[in-house]
Amino acid sequence: MTASVDPIQLMKQEVAKAAAARVHSGSIVGLGSGSTAALMIQYLGDRLQSGELKDIKGVPTSFQSSVLAKQYGIPLVTLDEIEYIDIAIDGADEVDPQHNLIKGGGAAHTREKIVDALAKEFIVVVDSSKLVDRLGTTFKLPVEVIPMAITPVARAIEKLGGKPELRMGVKKAGPVITDQGNMVLDVKFDSIDNPAEMEKTINNIPGVLENGLFVGLTDLVLVGEVKDGQPIVREA
Ligand SMILES: O=C[C@H](O)[C@H](O)[C@H](O)COP(=O)(O)O
């Protein structure tokens, strides 16, 4: 009996492969975080190993992406060593019709925003379940907060109409701790009508390091879909 492949996993694989195929030899590549970006890093490694791709350097957006890059033989550089990033490829938790995003399902949005915003070309890779009409409808907005400020920040967010929840660890007692040593509030809003305004308002609360709204940064969204039983990749 053949084990059936999860359609979401199939869509992630196809879109990750399509994005990795867009990277040229000699490029400096922003390496996203999360399960879709992890597959993309693996495909970049495959292309390097086959000799089809040469001389790329990666800028990791998390501990996860840096470990994967080392595993798949992608040399890493820091932002202090380079003047530009050619292309960044990253996943997302929600994508709206204007290509604004919610990111941070893996608590990596702070470093991701730094790297993705610096790239000349920022490509988002998602399966079709991530496309929404309005941000905040299927996913709570992640907000990275300096630990001592968690209570006043949660109160300030409630005043904005949000319902914050401290993100708790899985297989770890207590809260999730980010790569920067901070905590994450996942905030449910009824709807985020003006993502640009909301991004600035939340980041302006003392104690907030960064929130997961990515507004006006995306150059291209690649979407993995299954049509007539076959995985396809299209531009959103
Ligand atoms: O913090 C995590 C990142 O923003 C991810 O890119 C995002 O959560 C999407 O991850 P996945 O591809 O696993 O759905």
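A residue counts as buried if 20 or more other C-beta atoms lie within 10 Å of its own. The model described here is predicted.

**P164 and strand β8**

P164 has 22 C-beta neighbours inside 10 Å and therefore counts as buried. P164 belongs to strand β8, which covers residues 163–166. Leaving aside residues up to four places away in sequence, the contacts of P164 are A154, I157, E158, L185 and V187. K140 stands 24 residues from P164 in sequence, and the C-alpha atoms of P164 and K140 are 8.7 Å apart.

**Helix α6**

Helix α6 spans residues 195–203, and its buried residues are P195, M198, E199 and I202. Seen down the helix axis, the buried residues of α6 fall within an arc of 105 degrees, so they line one face of the helix. An α-helix has 3.6 residues a turn, so residues three or four places apart point the same way. The exposed residues A196 and E197 sit on the face of α6 turned away from its buried side. The buried residues of α6 pack against three strands: β7 (141–145), β10 (208–211) and β11 (213–214).

**The six-stranded sheet**

An open sheet with mixed pairing is built from 6 strands in the order β2-β1-β3-β6-β12-β13. Its edge strands, each pairing on one side only, are β2 (57–60) and β13 (230–235). From one strand to the next, the twist averages 25 degrees. β1 (residues 28–31) pairs with β2 in the parallel sense, over 4 bridges. Within this pairing, V29 has G58 of β2 as its bridge partner. Helix α1 (residues 7–20) packs on the sheet. The direction of α1 makes about 140 degrees with that of β12. The strands that α1 touches include those in the table.

| Strand touched by α1 | Residues |
|---|---|
| β3 | residues 85–90 |
| β6 | residues 119–127 |
| β12 | residues 220–227 |

The edge strand β13 is also touched by α1.

**The shell around the ligand**

Which residues come nearest to the ligand? Of the 18 residues around the ligand, these are G34, S35, G91, G105 and G106. Two elements, α2 (35–50) and α4 (109–118), give two or more residues to the shell. The largest share, 3 residues, comes from α2. By class, the shell has 10 polar, 4 nonpolar and 4 charged residues.

Methods:
Residues are numbered from 1 along each chain as its sequence is written. This is a predicted model: local features need pLDDT of at least 70, side-chain atom pairs count only at pLDDT 80 or more; totals for chains, interfaces and linings use all residues. A residue is near a molecule or strand if its C-beta atom, placed from the backbone, lies within 6 Å of it. Ala, Val, Leu, Ile, Met, Phe, Trp, Tyr, Cys and Pro count as nonpolar, Asp, Glu, Lys and Arg as charged, and the others, Gly among them, as polar. A residue is buried if 20 or more other C-beta atoms lie within 10 Å of its own, exposed if 12 or fewer, and partly exposed in between; C-beta atoms are placed from the backbone. The arc is that of the directions from the helix axis to the C-beta atoms. Two residues are in contact if their C-beta atoms, placed from the backbone, lie within 7 Å. Two strands pair if DSSP finds at least two bridges between them. Axes are lines fitted to C-alpha atoms, for helices over the stretch in contact, and angles run from 0 to 180 degrees between N-to-C directions.
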